[in-house]
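Please go through this structure with me, one question at a time. Keep the answers short and reasoned.

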Amino acid sequence: MKKNKMEATLFCGCGIMFPISKCTSVLSVLILSTLVAVGDGTSPKVFTMPGETCGYTVDYGDQFKVVSQQIPHGEEPERTSYPPNVSCTIIFRTQPGKRNFLRLSNFEVETSRFCARDGLYLYDGGREVSENLLSANKHALCGTTLSLPNYFVSTGHEVMIKFVTDGSNNSYRGFMVLITPFTEDEYCSGFTCHLTKRCITMKAMCNSEYQCEDGSDEPPNCHLLNAGFRPSCAYCHWSLLISSWFIIACQRLLAGSRLVPSLCTTRL
């Protein structure tokens, strides 16, 4: 009895797989994914407003988190709010050639006309002038109905944040702003956001903070990555374009781990 000769085609990498032509009605696909050890993401450095950094410039970081200080509110110790009589300004400066992506969340600030009582000012650059405000209405942000999350992008490598409150009715929870420097270079040594193609620090991946607009820096398998492993070729997608009479037999094997029992035979 003549045995059929088995032909094997090996493909490696994250590119587009070249066409494979077989003369039989069965196509077996074995996907071997090598796992490499990695650490989990790193949380951004936190700056509190007001705090000891007010009035200073923070230089050359790769991710920042700015939050309003929380103090007990009245006779309800479990409830907190930001303090009164605040005037705090911090400039964040990253490397020249980079820009800053700002993600605003957890926003609850007293509402007033033109935010004249309490307000959060986001400036594009290090100068406190109204034309540099990142908000569309060119004044401070306040209120409790702001669509969240809200995004802002600087035109240069500096942004300035200013938080101002008056002496009354500060019964609100305040804000949180994530500042993530990025480049738009074709070659990225960090992590590339899928939607915007912005290149951010690899430390932002799986650090429980959403620093890409599409959330691609926090994929569903972060619990596996944070356990110490990740695929060496993340987000690869191969499509098989074959005739309807083919049968696909496929099996997925994880190197260095147990064999995943996903052998399948599918008629198309």
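The questions below cover confidence, disulfides, salt bridges and one sheet.

Q: What is the average pLDDT of the protein chain?
A: This is a predicted model, so confidence comes first. Of the residues, 66% score at least 70. Averaged over the protein chain, the pLDDT is 79.

Q: Over residues 229-268 the pLDDT is below 50; how many contacts does this stretch have in the model beyond near neighbours in sequence?
A: Residues 33-39 also stay under 50, and there the model has 23 contacts beyond four places in sequence. Where pLDDT is low, predicted coordinates should not be read in detail. With that caution, the count for residues 229-268 beyond near neighbours in sequence is 91 contacts.

Q: How many disulfides does the count come to?
A: The rule asks for two cysteine sulfur atoms within 2.5 Å. Cys115 and Cys142 meet it, with S to S at 2.1 Å. Cys188 and Cys199 also meet it, at 2.1 Å. The full count is five.

Q: Is the disulfide of Cys115 and Cys142 left-handed or right-handed?
A: Cys115 sits in the loop between β8 and β9, and Cys142 in the loop between β9 and β10, 27 residues apart. Cys115 is buried at 5% relative accessibility, and Cys142 is buried at 17%. The torsion about their S-S bond is about -80°, so the disulfide is left-handed.

Q: What is the handedness of the disulfide between Cys188 and Cys199?
A: This disulfide joins Cys188 to Cys199. The pair links the loop between β12 and β13, home of Cys188, to strand β14, home of Cys199, 11 residues apart. Both cysteines, Cys188 and Cys199, are buried. The S-S torsion is about 80°, so the link is right-handed.

Q: Cys206 is joined by a disulfide to which residue?
A: The partner lies in helix α1, while Cys206 lies in the loop between β14 and α1, 16 residues apart. The torsion about the S-S bond is -85°, a left-handed link. Both ends, Cys206 and Cys222, are buried. The sulfur atoms are 2.1 Å apart, and the partner is Cys222.

Q: With which residue does Lys65 form a salt bridge?
A: Side chains of opposite charge can pair when their charged atoms come close. Here the closest N and O atoms are 2.5 Å apart. Lys65 is in strand β4 and its partner is in the loop between β14 and α1, so the pair ties together parts 144 residues apart in sequence. Both residues are buried, and the partner of Lys65 is Glu209.

Q: Is Glu184 buried or exposed?
A: Glu184 forms a salt bridge with Arg99, with 3.2 Å between the closest N and O atoms. Glu184 lies in the loop between β12 and β13 and Arg99 in strand β8, so the bridge ties together parts 85 residues apart in sequence. Arg99 counts as partly exposed at 27% relative accessibility. Glu184 has a relative accessible area of 51%, so it is exposed.

Q: Which residue meets Glu213 in a salt bridge?
A: Glu213 lies in the loop between β14 and α1, and its partner is in the loop between β13 and β14, 15 residues apart. Glu213 is partly exposed at 31% relative accessible area. The partner counts as buried at 13%. The N to O distance is 3.2 Å, and the partner is Arg198.

Q: How many salt bridges does a search of the whole structure find?
A: The Lys65 and Glu209 pair is one of them. There is also a network that links Asp59, Arg93 and Glu158. The whole structure holds eight.

Q: Which strands stand at the edges of the open sheet?
A: The sheet has four strands in the order β3-β7-β11-β9, with mixed pairing. The twist averages 15° from one strand to the next. Each edge strand has a single partner, so one side is left without a neighbour in the sheet; the edges are β3 and β9.

Q: Which residue in β11 stands opposite Thr89?
A: Strands of a sheet pair through backbone hydrogen bonds, either parallel or antiparallel. Strands β7 and β11 run antiparallel, joined by seven bridges. In β11, the residue opposite Thr89 is Lys162.

Notes: Residues numbered from 1 in each chain as written. Heavy atoms only, no water. Salt bridge = Lys/Arg side-chain N within 4 Å of Asp/Glu carboxyl O. Helix = DSSP H or I, 4+ residues; strand = E, 2+ residues; numbered from the N terminus. Buried < 20%, exposed > 50% of the residue type's maximum accessible area, 1.4 Å probe, protein only. pLDDT = per-residue confidence, 0-100. Contact = heavy atoms within 4.5 Å. Pairing = 2+ DSSP bridges. Axes fitted to C-alpha atoms, helices over the stretch in contact; angles between N-to-C directions.
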